[in-house]
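Open the model in your viewer and keep the selection panel at hand. We will go from whole chains to single residues, one stop at a time.

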Amino acid sequence: MSALTSLAQLRAAVDGIAQPLATVRHCHVAEAPLVLVPLKLAGEAAAPLAVLVGAARDDASLLVVPQPRNRDLRFQFAAEFAKLVLNHIETSRGGVEELPPGKDGDERIRYGDAPQLLVPNRGGVGFLRLLGRSTRFRSTEGPYAVDPAVPVLGRWLTWFADRYDHPGSSLLRAMTEVLRLHWATGQSSLEDGNLAALLGWIDPPDGLDGPAAAARAEDPVTCPPAGPATDPTFDNEVLAPAIAAYDRSGGDHRAEERLRGAIAGQLEPTWELMWRAVGLLRALPEGASVPGRWERDRDAFTYYHQTFGEAYPQARRDPPVRAARRLHDLERAQDAYDAQRAFDDPLVMAEYRLAGQAFGGVVTDCEPDRLDETGKRPKLRPHLRVGTADPVRLDVGTTVCNAARPALKGKIVELAAGSVLLELTGGMGRKLTAEPGSVPRPGERVCFTSLSEGSFGAAKFPDREDTPWTHGGPPEEYVPTDEDAEEEWS
Amino acid sequence: MTETAPDLDRLRGGAPPRNHDARTIAALTANPGCARRGVMDAAGVDKDAVARELGFPSPFGQSQFAITRGNAFEAQVKADGCAELLTLLRDGLGLAVPEVAYDDLEVVAGNEGRELRHARTRRLLARALESGEGTLFDHPLLRLEIAGQLAYLEPDVIAFQLAGRLHVIEIKSFAVVDGQAEPEQVAAAARQSAVYVLALRRLVSELGHDPARVSHEVFLVCPENFSNRPVAAPLDVRPQLAVLERQLARLTRIDRILDALPGDLTFGPGAALADAVRTVEARYAPECMAGCEMAFFCRDEARACGATGALGRSVRDDLGGVDTIGTALALADGSLDPSDDLAETAAQLRTAARLRDEALAAVRAETLAGAPTPEARGARDGAA
């Protein structure tokens, strides 16, 4: 958050409609994303009640656990859900791209596409994470045998939830968060957590303004919550009697249909909202670095898919080295993601300009042929003076690059009120005269920033067997136990 | 303090005072700057009823599934004289619990009168502190002075005596999965437990003992992973205790707020209720929605007067404390000359406005030049 975002919120509040926070779309939207609207039973950690799932607006499957406390019904649900999700994963691979062999001559490939899962909110992500945790250790043999698809689903859901933590990844996304990345509303972040209210501000129905649409969205009768928590009044007045009727009927088909109907009524409004949101996102032009980030997602997907058969389910807790490496990866991804968004989008770059880490303005003066002849050989070092009204908070000597063409680098030579003098150091070709068009001309609008993609490189971590004693020494190899498989799920 | 009591009675409009529970007392610490909440809570006004009367009913319902699950789990842990709980304390936490005595203080000889129950709690705890007898005291009825009034606390907890010290054991039904629980739920449990620790400490010092004999370490008992099997974890509630004590001390000075209010103010039902409530200043923040019955009314009021706080504390902070949206936007577009103390904020806002407009204008120019598809333009216009 910054004054810039806050200002957009103020304007949204006054105008009664959301204001853009981005001029391009910063996330990938798949051609056929798998939209999931899960519900869980109140009071339980991860007892699924229902899920509405599908990869097209007119192709929704409703799965319901008619008695969520019944373990067998729960695993039956997990098995059906697994088939849908796993089928989507398998059909979202696309073609196979051959990549140049790796350093040690390994064959490398990348799938042409990857599955994308969309849930309404963070709670939905948390639910998938817990559902993954509660199913991935299950055994397909022995006294508590489950359908073979169940532990496979658990491992995939765990993997998706893990990728969700990865900044910039689009494999699993919470819709409220994606929308908040692109629009500011005139309500607080707490209220933005309600998908219906948030969309009400962004794209109000005819005849309503943002606040009116958001107010309507807060009534659980007209707009049921987007899950995974249900509306307590619905629980007490509709769901509980319907489940009781199902129990009394001994699993009668009609009682189950009535229950399904009631739950469908809770899920369908959110389903429509999800696809409306997908449409809004698709209408935004894609940011320049989005395909690159999706390529990283595809790499991650390819790797996990290829090694799935050889690997154990993810351990309950990461061993120290893996945890440290993961944290480091997340930090690097965050850093790169922040920079990429700013380079892609002048509205995001404006945040850095406001913070003084970037400055924009018009070139007032330019010496494109200036040479630095103090060394043995002359070097091309054009001078560029940029007039700017931005509050520059960079020091003389800082390396900056051009936001529109990050290859063009320079160094701040002089800072004066309202102008910055730069010595350009790279990105103009190898000759002693700059490549045509590489040095901005007087009158041109430019923006330079100290931001850079990949400002810190990959660190080295010890192998698992060299885990230092400070971190408990080498951990034992993780092997899932029977106890994991037999864990109660009540 | 006694002088304020008649004032507080009048504020309730003749209704009996609403009793606090640990949840409401813990919630007092959530928004200490709110005078409205302070006054209403001190007077024991039924805020839920007031909010309903005002047309802003609070949406704090609880699902019967959650209630059933919570009760079942608690009953299971406490079954057979807390057999499962003792196993947890001994084996799970490695505590040396020697002999065991379990006293349930819920009902005294068929009588559920509060004074009687509280007297029994006092008596038993006094004996326990002197002789070291007794291990588990279930459903103690505690008392805490809130703004000069004695509030009875009906804790769903067990006081557990170990090596001469009392610990609070709180049973909650949210799951601990692989050693981790939802942070918000743990935080809420810690705040509530702190209330019980404080009330127990007050009782212990009334009985002439060192209040430190009530430990700041409470034990949280929750279901493990996805099962019904309980697991116990120690929880240090010192930070919550400090906040709570400071907040309660502040509450007792409610008379100062009362002095500034009209002498005939009352929150009794009637046409004048809304005006009466508005007389006392509120400090609404979105966090209020999580714990205060008045939140929807206050939010409506905050929005109506364009308060920046309604957008969230961070927005208000970003705006350097400018209170209203109108002022902030006027500072941003330069139509209002800032006072000296707002000069910096105003400069920042003006820069922000310029940068935002510049970025949006550049994109708009580009879009027009590049002739986008009708859908793309429609979407962008729709969003702008």
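The stops below run from the two chains to their interface, then to a few helices, a strand residue and the nonpolar core.

**Stop 1: the whole of chain A.** Keep in mind that this is a predicted model. Select chain A and colour by secondary structure: there are 14 helices and 17 strands. Along the principal axes, its C-alpha atoms fill a box of roughly 90 × 65 × 45 Å. Of its 490 residues, 45% count as buried. Contacts in chain A between residues at least 6 apart in sequence join residues at least 24 apart in 65% of cases.

**Stop 2: the two domains of chain A.** Now give residues 3-314, domain 1, one colour and residues 358-449, domain 2, another. How far apart are the centres of domain 1 and domain 2 of chain A? Taken over C-alpha atoms, the separation is 46 Å.

**Stop 3: the whole of chain B.** Switch to chain B, where you will find 15 helices and eight strands. Its C-alpha atoms fill a box of roughly 85 × 55 × 40 Å along the principal axes. Buried residues account for 39% of the 384 residues here. Among the contacts in chain B with a separation of 6 or more, 62% are between residues 24 or more positions apart.

**Stop 4: where the chains meet.** Show both chains and select the interface: 53 residues of chain A are in contact with 47 residues of chain B. On the chain A side, the elements giving two or more residues are α1, α3 (122-135), α6, α9 (232-248), α10 (253-283) and α13 (346-354). Which of them contributes the largest share? That is α1(A), with nine residues. Colour this side of chain A by residue class and you will see 30 nonpolar, 13 polar and ten charged residues.

**Stop 5: helix α8 of chain A.** Select residues 210-217 of chain A and show side chains; the buried residues are Gly210(A), Pro211(A), Ala213(A), Ala214(A) and Ala217(A). Look down the axis: these residues lie on the same side of α8(A), because they cover an arc of only 165° around it. Add α1 (3-15), α6 (189-192) and α7 (195-202) of chain A to the view, since the buried residues of α8(A) pack against them.

**Stop 6: helix α13 of chain B.** Go next to residues 325-332 of chain B, where Ile325(B), Ala328(B), Leu329(B), Leu331(B) and Ala332(B) are buried. Their arc around the axis is only 160°, so they sit on the same side of α13(B). Step just past the helix to Gly334(B), which takes a positive phi of about 80°.

**Stop 7: Val363(A).** Back in chain A, pick Val363(A) in strand β10 (residues 358-367). Is Val363(A) buried or partly exposed? Val363(A) is partly exposed, because 18 other C-beta atoms lie within 10 Å, while 20 or more would make a residue buried. Beyond its neighbours within four places in sequence, its contacts include Leu384(A), Val386(A), Pro440(A) and Val446(A). Draw a distance to Val290(A), 73 residues away along the chain: the C-alpha atoms are separated by 30 Å.

**Stop 8: the largest nonpolar core.** For the last stop, select Leu153(A), Phe160(A), Phe448(A), Val195(B), Tyr196(B), Leu200(B) and Val221(B), which touch the most other members of this 224-residue core. Zoom in on Tyr196(B): leaving aside neighbours within four places in sequence, Tyr196(B) is in contact with Ala22(B), Leu142(B), Leu153(B), Pro155(B), Val157(B) and Val168(B). In soluble globular proteins, nonpolar side chains tend to be buried together.

How values were computed: Residues are numbered from 1 along each chain as its sequence is written. Chains are lettered from A and ligands numbered from 1 in the order in which they are written. This is a predicted model: local features need pLDDT of at least 70, side-chain atom pairs count only at pLDDT 80 or more; totals for chains, interfaces and linings use all residues. Domain bounds come from an automatic or database domain assignment. A residue is buried if 20 or more other C-beta atoms lie within 10 Å of its own, exposed if 12 or fewer, and partly exposed in between; C-beta atoms are placed from the backbone. Helices (H or I, at least four residues) and strands (E, at least two) are DSSP runs, numbered from the N terminus. The arc is that of the directions from the helix axis to the C-beta atoms. Two residues are in contact if their C-beta atoms, placed from the backbone, lie within 7 Å. Ala, Val, Leu, Ile, Met, Phe, Trp, Tyr, Cys and Pro count as nonpolar, Asp, Glu, Lys and Arg as charged, and the others, Gly among them, as polar. A nonpolar core is a set of buried Ala, Val, Leu, Ile, Met, Phe, Trp, Tyr and Cys residues joined through C-beta atoms within 7 Å.
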